[in-house]
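Got the viewer open and a free hand on the mouse? Here is a walk through the model, one selection after another.

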Amino acid sequence: MRSTDRRKGTTRKAALRILGTVSILSIVLPFRLIPCEASFPPSERPNIVFVLSDNQNYKFMSCAGHPFLETPNMDRLAREGVLFTNAFVTTSLCSPSRASFLTGKYAHTHGVQNNFTPWDGSHRTFLEVLQEAGYDTAFIGKWHMPGSLPNLKGVDPFITFTIQGGQGRYLNCPLIVNGEERPSRKPYITEELTDYAIEFIERKRDAPFCLYLSHKAVHHRWTPPAHLADIYADKKPPFPEGFDPWIPVTRGHLFEGTNQGFASQLYRNYCRTIVALDEQLGRLLDRLDALGMADNTLVVFAGDNGFFWGEHKLFGTGRWPYDDSIRVPFIVRYPGTIPDVGRRADQMVLNIDVAPTFLEVADVPVPQGMEGASFLPILRSASASGREAFLYEYFKDFPYRIPPTQGVRTDKYMYIEYEGRRKPELYDMRNDPQQEQNLMHTAEGRASAAELKKTLESLKSGRGGTHAGS
Amino acid sequence: MPDRNFSQRIVVPTSIVLVAMIVSRIIYFNSSATVATLSGIVMFLCIGFGSFLIYPLSFVRGAPLTERIIGCLLTPLVWNGIEMYNVGQAFSPAESLFYGVNILSIGAVAGQFLIMGVCDFFCRWNQGRAERGETKVLSPFAVLASVSGILGIYLVLVWGEGVGLHYLLIGLYKNIFL
């Protein structure tokens, strides 16, 4: 709405200013690939496209070095933007993480602590704030918050699904469109949701838009579309050393719904559903191009939490405080703002940083209470400093056999405390990125742990660690 | 039918499977990937298919139906009991008990019933052959066990794309504990 009013009231002076800006940009833009620290602010508030995948391990993109998976569209985003190699979620579980993305808050603040504690609607989402600021907003895809489906404030349309405990299904998934159940129009859910997303961005409008597109993929049961059903059939999954095929049904891995079939087959189907997701991401990006919107659209592609494929002899959705669980794919494309596209940023960013970043690019004040911080400075400059530490938290979630956890992650260490019988753990992330050597058994480790424990207490009391970039 | 005592007719057949499961489980959790793979095969054969050994053995040794059923269910129940104990590190005793009703344990129990039904049919058929057709081949138990086994396996593996029962149990958990 704001941009409409602005256009209506364009004066001669303003028109000259726009003309001048266009002239300068036409000279500057050809040189924008040259690395520099300058920023190129768009002349209007940008559109925002946020695409969230489900349970996608950060290593499962070809740009992240996966040995055979091909994700040309995720790669394209990384090539045209920034791939964050240290992006994390503050709680590695679907519902809390999604609530954190939406609200910019930790799970202990927004209250969705596991897949049972309900979303109470008392915390504002970035979509709501953006709509109040004149954005046209849409929520399309997986909601999966505990409690009954809310009348989500600040979005139109609100398109989601509730079957199978809110997980949806890959084929012929009925949708809830603005509160009304509708049959699926396309058989495959990833394509269906993308269709709705494209319809939304194609709407005629004067205001900028913000699209929140959260896929069912790549949550189990990993049903690929028919045309991808046989790819990678000859590929051997690169399971970690020590992996045995019984891991998915031992050590309490009872309830993932994934215990049907052999691990290698499950792995290939996981990859196939990622390829399907990548194809649909490509459709969306192509549509932005065709509509001439790409240059004024911030695109963020992220995962809600990680997934174990045998690392630490674990299988399934994140939860545990290890990197394959808490680290997520995270790519940002923002034409005109990133001087050195194709960069890999190693600063730590979090799911709670997404909301304040969107608000900053939209030139909207960040409401008090958001605990994340904008990572826009990191987009603008490779040398921007990242946050020094963050709090990881996990709450009891039946029937999964993971004790409630709190931990602190720095660029050097991961220190973890569990409730109950399990002892604290400490890992040197620089020298032991696979987190195989618990340093709590060493004197040096115990000394470092004492300091980290203080940092943990400080983070728990909300006195630090929210700084994303400057 | 040979006259065997309690130990011979049911304890021995059950113990073969149960001990094999426990030993292979210990090996599984304390060995390299290759050995773990092999011991895992033994472990899950015992849990999932142990009744193929227990039921016919106990049948020919003259164990009554109740003993045969208990013998066949013992191994998956012991395995599930260990899982329930382990889950106690994160949940209350009541929740741990509820945890015992999970899709794998239901699947394992359903599988035993299906196997018992099939084995009962073949044992009676074999007995009938030996006794020149004096034994009724299809017993009510065989029918009931087979049907309930198939139903249980369907609920675990097929219904709701194989996760319908899981979400039903989660809903039940919410109603009981939250």
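Start in chain A, where four strands form an open, antiparallel sheet in the order S15-S16-S17-S18. Its edges are S15 and S18 (425-428), each of which pairs on one side only. Look across the sheet and you'll see a twist that averages 15 degrees from one strand to the next. Keep in mind as you go that this is a predicted model.

Now zoom in on the S15 edge. Select residues 405-410 of chain A to pick up S16, which pairs with S15(A) in the antiparallel sense over six bridges. For a single pair to look at, try A:Glu393 and its opposite number in S16(A), A:Gln406.

Stay on S15 and click A:Phe390, which sits in this strand of residues 389-394. Is A:Phe390 buried or exposed? It counts as buried, because 27 other C-beta atoms lie within 10 Å, where the cut-off for that label is 20 or more. While A:Phe390 is selected, run a distance to A:Asp411: the two are 21 residues apart in sequence, and their C-alpha atoms are 9.7 Å apart in space.

Next stop: S8 of chain A, residues 209-214. Colour this strand by burial and five of its six residues come up as buried, so S8 is largely enclosed by the rest of the structure. Which strands pair with S8(A)? One is S1 (residues 47-53) of chain A, parallel to S8(A) and joined to it over five bridges. Another is S4 (residues 136-141) of chain A, which also runs parallel to S8(A), with six bridges between them. To see each pairing at residue level, show A:Val49 opposite A:Leu211 in S8(A), then A:Thr137 with its bridge partner in S8(A), A:Cys210.

A general reminder before the next strand: in a regular strand the side chains alternate between the two faces of the sheet.

With that in mind, select residues 330-333 of chain A, which is S12. Turn the strand over and you'll find both faces covered: A:Phe330 and A:Val332 on one side, A:Ile331 and A:Arg333 on the other, all of them buried. Add S2 (residues 82-84) of chain A to the selection, and you have an antiparallel pairing with S12(A) over two bridges; here A:Val82 stands opposite A:Val332. Then add S9 (residues 297-303) of chain A, again antiparallel to S12(A), this time over four bridges. In that pairing, A:Val299 has A:Arg333 of S12(A) as its bridge partner.

Time to cross over to the other chain. On the way, select the contact between the two: 26 residues of chain A touch 27 residues of chain B. On the chain A side, those residues divide into eleven nonpolar, eight polar and seven charged.

Now hide chain A and look at chain B by itself. How many helices and strands does chain B have? The tally is eight helices and zero strands, so to speak an α-α-α-α-α-α-α-α pattern when read along the sequence. Its C-alpha atoms fill a box of roughly 60 × 35 × 30 Å along the principal axes. Of the 178 residues in chain B, 38% count as buried. Turn on a contact map if you have one: among chain B contacts with a separation of 6 or more, 68% are between residues 24 or more positions apart.

Pick out two helices of chain B, H1 (residues 6-28) and H4 (residues 65-87). Their axes come within 10 Å and cross at roughly 15 degrees, which makes H1(B) and H4(B) roughly parallel to each other. The crossing is right-handed. Show side chains where they meet: H1(B) brings residues including B:Ile10, B:Val17 and B:Met21, and H4(B) brings, among others, B:Leu74, B:Val78 and B:Trp79. By class, this contact of H1(B) with H4(B) has eight nonpolar, three polar and two charged residues.

For the last stop, swap to H6 (residues 103-130) and H7 (residues 140-157) of chain B. These pack at an angle of about 150 degrees, with axes 7 Å apart, and H6(B) and H7(B) are therefore roughly antiparallel. Look down through the pair and you'll see that H6(B) passes H7(B) in a left-handed crossing. The contact of H6(B) with H7(B) has 15 nonpolar, seven polar and one charged residues.

Definitions and conventions: Residues are numbered from 1 along each chain as its sequence is written. Chains are lettered from A and ligands numbered from 1 in the order in which they are written. This is a predicted model: local features need pLDDT of at least 70, side-chain atom pairs count only at pLDDT 80 or more; totals for chains, interfaces and linings use all residues. Two residues are in contact if their C-beta atoms, placed from the backbone, lie within 7 Å. Ala, Val, Leu, Ile, Met, Phe, Trp, Tyr, Cys and Pro count as nonpolar, Asp, Glu, Lys and Arg as charged, and the others, Gly among them, as polar. A residue is buried if 20 or more other C-beta atoms lie within 10 Å of its own, exposed if 12 or fewer, and partly exposed in between; C-beta atoms are placed from the backbone. Two strands pair if DSSP finds at least two bridges between them. Axes are lines fitted to C-alpha atoms, for helices over the stretch in contact, and angles run from 0 to 180 degrees between N-to-C directions. Angles under 35 degrees count as roughly parallel, over 145 as roughly antiparallel, 65 to 115 as roughly perpendicular and the rest as oblique. A crossing is left-handed if the near helix is turned anticlockwise from the far one by less than a right angle, and right-handed if clockwise.
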